[in-house]
Amino acid sequence: VLVLLTSLASAAMALRLDVRTQAPVGSTRRPQRQKTGLLCREAVSDSVDAEVILQPDGVRDLSFSEVVRTAGGELLGRASAGIQSRVRCRAPTMPDQECLIMPGQQPETCSSMSADRCHCDVDASALPDLQYQQMMLSESLEACEFADNR
């Protein structure tokens, strides 16, 4: 069992990726901006933050995270509390890579971001990806279709 655990740990270390370059650790590949990541963060309470997360292909998620602290109050990190909603943008005015913060930088607060920075023209031609959003919209869509057919 010990030999198996040792070989699994070695394999995991070999597959580890450098967060900044998305290349295997120790690789000489130059750092690249990530294609997904944090756009902005806003404190909702002392322990909960709302975050806009950029995903590939112009998708943006509104996510909530809980701040995790030590018993002494020192920040350890954040635990995801889930995605509240998702929108798909039409062709962005600026490539998403330019909207992301680099590792080590503090994110802007969402309320202080300029409306022109990383603007999203929402693509409303299809239903949202999240099932609960589809369920919420189904009654509205039925009412709109009924009104259009009158």
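**Asp61 and the disulfide framework of the chain**

With a relative accessibility of 2%, D61 counts as buried, the cut-off for that class being under 20% relative accessible area. The structure described here is a predicted model, and D61 has its place within strand β3, which covers residues 59-69. The side chain of D61 engages the side chain of R86 in a polar contact at 2.6 Å. R86 also belongs to the set of residues in contact with D61 once neighbours within four places in sequence are left aside, a set that further comprises E51, V52, I53, Q55, I83 and S85. Towards the N terminus, L39 precedes D61 by 22 residues along the chain, and the C-alpha atoms of the two are separated by 9.9 Å.

The secondary structure of the chain amounts to three helices and four strands, and, when read from the N terminus, these elements follow the order α-β-β-β-β-α-α. Of the 150 residues in the chain, 22% are buried, a group to which D61 belongs. Among contacts in the chain with a separation of 6 or more, 43% are made by residues 24 or more positions apart. The chain exposes about 10,800 Å², and 56% of this area is supplied by carbon and sulfur atoms.

The structure holds three disulfides. A disulfide is a covalent bond between the sulfur atoms of two cysteines. When the bonded cysteines are counted along the chain, their pairing follows the pattern 1-4, 2-6, 3-5.

One of these links is formed by C40 and C110, whose sulfur atoms are 2.1 Å apart. The torsion about the S-S bond of C40 and C110 is about 100 degrees, and the disulfide is therefore right-handed. Because C40 lies in strand β1 (residues 37-43) while C110 lies in the loop between α2 (96-99) and α3 (131-148), this pair ties together parts that are 70 residues apart in sequence. The two partners are placed as follows with respect to the surface: C40, with a relative accessible area of 3%, is buried, whereas C110, with a relative accessible area of 25%, is partly exposed.

A further disulfide joins C89 to C120, with an S to S distance of 1.9 Å. The link of C89 and C120 is left-handed, with -110 degrees about the S-S bond. Since C89 is found in the loop between β4 (75-88) and α2, and C120 in the loop between α2 and α3, the pair ties together parts that are 31 residues apart in sequence. Both C89 and C120 are buried.

The remaining pair to be described is that of C99 and C118, which are joined by a disulfide with an S to S distance of 2.1 Å. The link of C99 and C118 is left-handed, with -120 degrees about the S-S bond. This pair links distant parts of the chain, with C99 in helix α2 and C118 in the loop between α2 and α3, 19 residues apart. C99 is buried, as is C118.

Turning to the surface, L127, L137 and L141 form a nonpolar patch, whose accessible area comes to about 230 Å² together. Within this patch, L137 has its place in helix α3, and with a relative accessible area of 33% L137 is partly exposed. This value satisfies the requirement that patch residues have over 30% relative accessible area. A cysteine not yet mentioned, C144, has a relative accessibility of 45% and counts as partly exposed, since that class lies between the limits for buried, under 20%, and exposed, over 50%.

Key
Residues numbered from 1 in each chain as written. Predicted model: local features only at pLDDT ≥ 70, side-chain atom pairs only at ≥ 80, totals over all residues. Heavy atoms only, no water. Helix = DSSP H or I, 4+ residues; strand = E, 2+ residues; numbered from the N terminus. Buried < 20%, exposed > 50% of the residue type's maximum accessible area, 1.4 Å probe, protein only. Polar contact = N/O pair within 3.5 Å; in protein donor to acceptor, adjacent residues only side chain to side chain. Contact = heavy atoms within 4.5 Å. Disulfide = S-S within 2.5 Å. Patch = residues over 30% accessible without salt bridge, like charges linked within 9 Å, V, L, I, M, F, W, Y side chains within 5 Å. Areas by Shrake-Rupley, 256 points an atom, 1.4 Å probe, with all protein chains shown as cover. Salt bridge = Lys/Arg side-chain N within 4 Å of Asp/Glu carboxyl O.
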